[in-house]
Amino acid sequence: MGLFDNMLHSDQSLFKNEVALSYEFIPKTIPFRENEQHHIASCIKPLFDGRTGRNIFVFGPSGLGKTVACKHILAELEEQTDDILALYINCWKHNTSFKVINALCDALAYRFVQNKKTNELFSAVRQIINRKSAVFVLDEVDKAEDLDFLYSILEEIYKKAIILITNTRAWLSTLDSRISSRLMPEVLEFREYSKAETNGILSERIGYAFVPGIWDKDAIQRIVDETFMRKDVRLGIYLLKEAGSIAEERSSRRIELRDAEAAIGISERTAIKGSDRLDEEDRQILHTIESNPDSKIGDVYRSYQEAGGKKGYKTFQRRVARLAKDNMVKLERIAGGREGNTTIVKAVRKGRGEKSLTEF
Ligand SMILES: Nc1ncnc2c1ncn2[C@@H]1O[C@H](COP(=O)(O)OP(=O)(O)OP(=O)(O)O)[C@@H](O)[C@H]1O
Ligand SMILES: [Mg+2]
């Protein structure tokens, strides 16, 4: 056998379909969430008969399929009928009533949004939706800074089913009576996956994403064990991707235990969940901050530039300030000192009782 026979050529890849490892990917089926999906579907069902639906509050820890199960339902709904609008809003991205309603305008392809106030926009949205009926998925709804939009939907949309998603049940008891008495949701908990279920989900994803037969068994097992221990399938999918990239980087034709180990090592230093709402630039900035813990903002910026970052200092500062506002990093002002005032940028660390980046 030649020296290079076992090496991956530069035009070859271990990935068959890398998109299947992206956060946006919705698999054809969502195994082990059939009961949950049936429960949610039963709340939507009355809409098919021209009646209003029921509301449902979905909660459970991070990375357990809440979002993907609901998006999958919306996708099926869109396949089946044009009479029921399928509206998904992430209230972390769109965290005020104004932004939520703008996002609804977008989803409904309503373009005349300029210079309109929130209530004017809602009126337009209401008119469009009330010609039909609608399913609203309000994901991460506990991140919304105000709930006027929810009140308006409850009051002014006639035929609807509202699915609300959060990580903890506690949010429900914080609702004021104006909203809770109108919402009256059913409650559905997404429980943790067993180890066999975790294995099933990750193995299926490997099938979607990788060239067949390139994973060593012990590498898969290592990632399944880690994912099960950390109770987060999002992490598992990230590990699959990372391990594949690491194996490719060393031109290996197989993904081995050491690649899985290396991927796990990286994951312990990186934020995962927060990443799905960040653009590339934010991700790069966050990554630089994590690689330069507790550094002055000027030093972090230099490091960012060295890593190929293209934004100017002012934009960089603005982006960091926004990450701080979203609790992804912490900023500490240090007054005086040899170089005058400066800001220290800290990564938000994982730890008990503290919000970790993977928990957003
Ligand atoms: N049963 C499943 N089948 C296939 N993929 C799954 C399943 N459960 C989770 N996943 C995948 O795991 C990742 C995380 O799932 P998802 O985004 O739905 O988590 P979540 O419960 O909404 O978490 P969070 O509270 O952090 O938003 C996604 O990439 C999703 O496709
Ligand atoms: Mg989610």
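At what angle do helix 12 (residues 297-306) and helix 13 (residues 313-325) pack, and how far apart are their axes? In this predicted model, the two helices pack at an angle of about 110°, and their axes are 11 Å apart. Since angles from 65 to 115 degrees count as roughly perpendicular, helix 12 and helix 13 are therefore described as roughly perpendicular to each other, and their crossing is right-handed. On the side of helix 12 the residues that meet the partner are Ile297, Tyr301 and Tyr304, while helix 13 brings Tyr313, Phe316, Gln317 and Val320. Sorted by class, this contact has six nonpolar residues and one polar residue, with no charged residues.

To place this pair in the whole chain, it helps to turn to the domains. The protein is divided into domain 1 (18-22 + 193-267), domain 2 (34-189) and domain 3 (274-359). Between domain 2 and domain 3, the centres, taken over C-alpha atoms, are separated by 33 Å.

The ligand offers a second point of orientation. Domain 1 and domain 2 both give residues to the shell around ligand 1, so the ligand lies between these two domains. Of the 19 residues around ligand 1, those that come nearest are Ser62, Gly65, Lys66, Thr67 and Val233. Two helices, helix 2 (66-80) and helix 9, each supply at least two residues of this shell. By class, the residues of the shell divide into 10 nonpolar, five polar and four charged.

Helix 9, besides its part in the ligand shell, packs against helix 8 and helix 10, and these two contacts can be followed in turn. The axes of helix 8 (residues 217-230) and helix 9 come within 8 Å and cross at roughly 150°. That angle makes helix 8 roughly antiparallel to helix 9, and the crossing of the two is right-handed. Helix 8 makes the contact through Ala219, Ile223, Glu226, Thr227 and Arg230, and helix 9 through Val233, Leu235, Gly236, Leu239, Leu240 and Ala243. This contact has seven nonpolar, two polar and two charged residues. Val233 thus appears both in the contact with helix 8 and among the residues that come nearest to ligand 1.

With helix 10 the geometry can be set out in the same terms. The axes of helix 9 (residues 233-249) and helix 10 (residues 257-267) come within 8 Å and cross at roughly 125°, and the two helices are therefore oblique to each other. Their crossing, too, is right-handed. From helix 9 the contact draws on Leu235, Tyr238, Leu239, Glu242, Ala243, Ile246 and Ala247, and from helix 10 on Asp259, Ala260, Ala262, Ala263, Ile264, Ile266 and Ser267. By class, the contact of helix 9 with helix 10 has 11 nonpolar residues, one polar residue and two charged residues. Leu235, Leu239 and Ala243 of helix 9 take part in the contact with helix 10 as well as in the contact with helix 8.

Technical notes
Residues numbered from 1 in each chain as written. Chains lettered and ligands numbered in written order. Predicted model: local features only at pLDDT ≥ 70, side-chain atom pairs only at ≥ 80, totals over all residues. Axes fitted to C-alpha atoms, helices over the stretch in contact; angles between N-to-C directions. Helix = DSSP H or I, 4+ residues; strand = E, 2+ residues; numbered from the N terminus. Parallel < 35°, antiparallel > 145°, perpendicular 65-115°, else oblique. Left-handed = near helix turned anticlockwise from the far one by under 90°. Contact = placed C-beta atoms within 7 Å. Nonpolar A, V, L, I, M, F, W, Y, C, P; charged D, E, K, R; others polar. Near = placed C-beta within 6 Å. Domains from an automatic or database assignment.
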